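Morning, everyone. I'll take one chain today and start with a charged side chain. Have a look at the model first.

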Amino acid sequence: MSFQLKFTRPWVTITEPQYSLKESFNLANQQRPRIPIKFTGPGGMSSTVVTLLDSGNDITLMTKENARRLGIDPERDGVPFNVLGVSAGTIRPRLIRIVGQIGNLRPRVFRVGVGDVPENLTGYEDMSQYYNIAFKGRESVTISERDTKSANMGRLSSQACRFLGSCPL
């Protein structure tokens with residue numbers, strides 16, 4: 001028994017999504033700078049979460065309510081750790097890794113502490129690792145990709161692909 005494969009034209013073209021190199025957010029009418037981030041949980045559930053840009057916070061922190069919207073069990077998922085300086089003392093959130101996308105920038109993997117936090121806070125380490133952040137007074141903030149020379153700017157980061165198990169288009 002033999003098989004013969006025959007290829008015909010035209011070839012199928014797969015179009016990759018086009019991501020932006022920068023996103024700007026209007027901060028007017030806000031007392032503190034907040035931006036929306038679309039997070040995707042381990043099971044593929046997504047939700048847009050408004051987070052405070054917090055340069056004093058090392059990692060991103062998320063309320064239990066928002067974690068549940070992503071299919072995350074805030075009492076079981078992740079690894080517990082201590083966080084100092086939030087509210088009045090020490091809290092013990094659970095550390096997870098989830099994909100986050102700011103506007104139309106490339107999705108990235110964020111380290112997120114889920115727990116009893118007063119509000120969602122964007123961590124400096126996550127942001128500074130991937131992005132340049134420029135404030136225009138209290139009017140607006142522009143967030144731009146740090147690695148603009150990368151050959152795969154149109155693709156998910158390799159870390160996000162490994163986390164999701166594939167690179168969806």
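Start with Arg 94, which is buried and yet makes no salt bridge. This is a predicted model, so keep in mind that local features here need pLDDT of at least 70. Which side chain of opposite charge is nearest to Arg 94? That is Glu 75, and the separation is 6.8 Å. The cut-off for a salt bridge is 4 Å, so the pair does not count.

What does the side chain of Arg 94 have beside it, then? One of its polar atoms sits 3.1 Å from the backbone oxygen of Arg 76. So much for polar partners; now the wider surroundings. Arg 94 belongs to strand 8, which covers residues 94-102. Leaving out residues up to four places away in sequence, Arg 94 touches Pro 74, Glu 75, Arg 76, Asp 77, Gly 78, Val 79, Pro 80 and Phe 81. Val 112, Gly 113 and Val 114 complete that list.

Step back to the whole protein. We have 3 helices and 12 strands. Of the 169 residues, 40% are buried. Take contacts between residues at least 6 apart in sequence: 58% of them join residues at least 24 apart. The exposed surface is about 10500 Å², with 50% of it from carbon and sulfur atoms.

Now the interior. In soluble globular proteins, nonpolar side chains tend to be buried together. Here the largest nonpolar core has 25 residues. Which of them touch the most other members? The answer is Ile 35, Phe 39, Met 62, Ile 102 and Ile 143. Several elements give two or more residues to this core: strand 2 (34-40), strand 3 (46-53), strand 8, strand 9 (108-115), helix 2 (124-130) and strand 12 (140-145). Strand 8, you'll recall, is where Arg 94 lies.

Look at Ile 35 in detail. Beyond its neighbours within four places in sequence, Ile 35 contacts Phe 25, Val 49, Val 50, Thr 51 and Leu 53. Ile 102, Met 127, Val 141 and Ile 143 are also in contact with Ile 35. There is a second, separate core of 7 residues, and its members include Ile 59, Leu 61, Val 117 and Leu 121.

Back to charge. How many salt bridges are there? The count is 8. Three residues form a network of them: Arg 32, Arg 34 and Glu 119.

Take the two links in turn. Glu 119 pairs with Arg 32, with the closest N and O atoms 3.4 Å apart. Glu 119 sits in the loop between strand 9 and strand 10 (121-122), and Arg 32 in the loop between strand 1 (22-26) and strand 2, so this bridge ties together parts 87 residues apart in sequence. Arg 32 has 41% relative accessibility, so it counts as partly exposed.

Glu 119 also pairs with Arg 34, here at 2.9 Å between the closest N and O atoms. Arg 34 is in strand 2, so the bridge joins parts 85 residues apart. Arg 34 is partly exposed too, at 27% relative accessible area.

One more bridge: Asp 116 with Lys 64, at 3.4 Å from N to O. Asp 116 lies in the loop between strand 9 and strand 10, Lys 64 in helix 1 (residues 64-69), and they are 52 residues apart. Are the two partners buried or exposed? Asp 116 is exposed, at 56%. Lys 64, at 18%, counts as buried.

To close, put two buried positive side chains next to each other. Lys 64 has its salt bridge to Asp 116. Arg 94 has none.

Note on methods. Residues are numbered from 1 along each chain as its sequence is written. This is a predicted model: local features need pLDDT of at least 70, side-chain atom pairs count only at pLDDT 80 or more; totals for chains, interfaces and linings use all residues. Side-chain values use heavy atoms; hydrogens and water are left out. Helices (H or I, at least four residues) and strands (E, at least two) are DSSP runs, numbered from the N terminus. Buried means under 20% relative accessible area, exposed over 50%, partly exposed in between (1.4 Å probe, protein chains only). Lys and Arg count as positive and Asp and Glu as negative; His and the chain ends are not counted. A polar contact is a pair of N or O atoms within 3.5 Å; within protein, one must be able to donate a hydrogen and the other to accept it, and residues adjacent in sequence count only if both atoms are side-chain atoms. Contact means heavy atoms within 4.5 Å. Accessible areas come from the Shrake-Rupley method with a 1.4 Å probe; for residues, only the protein chains shown count as cover. A nonpolar core is a set of buried Ala, Val, Leu, Ile, Met, Phe, Trp, Tyr and Cys residues joined through side-chain atoms within 4.5 Å.
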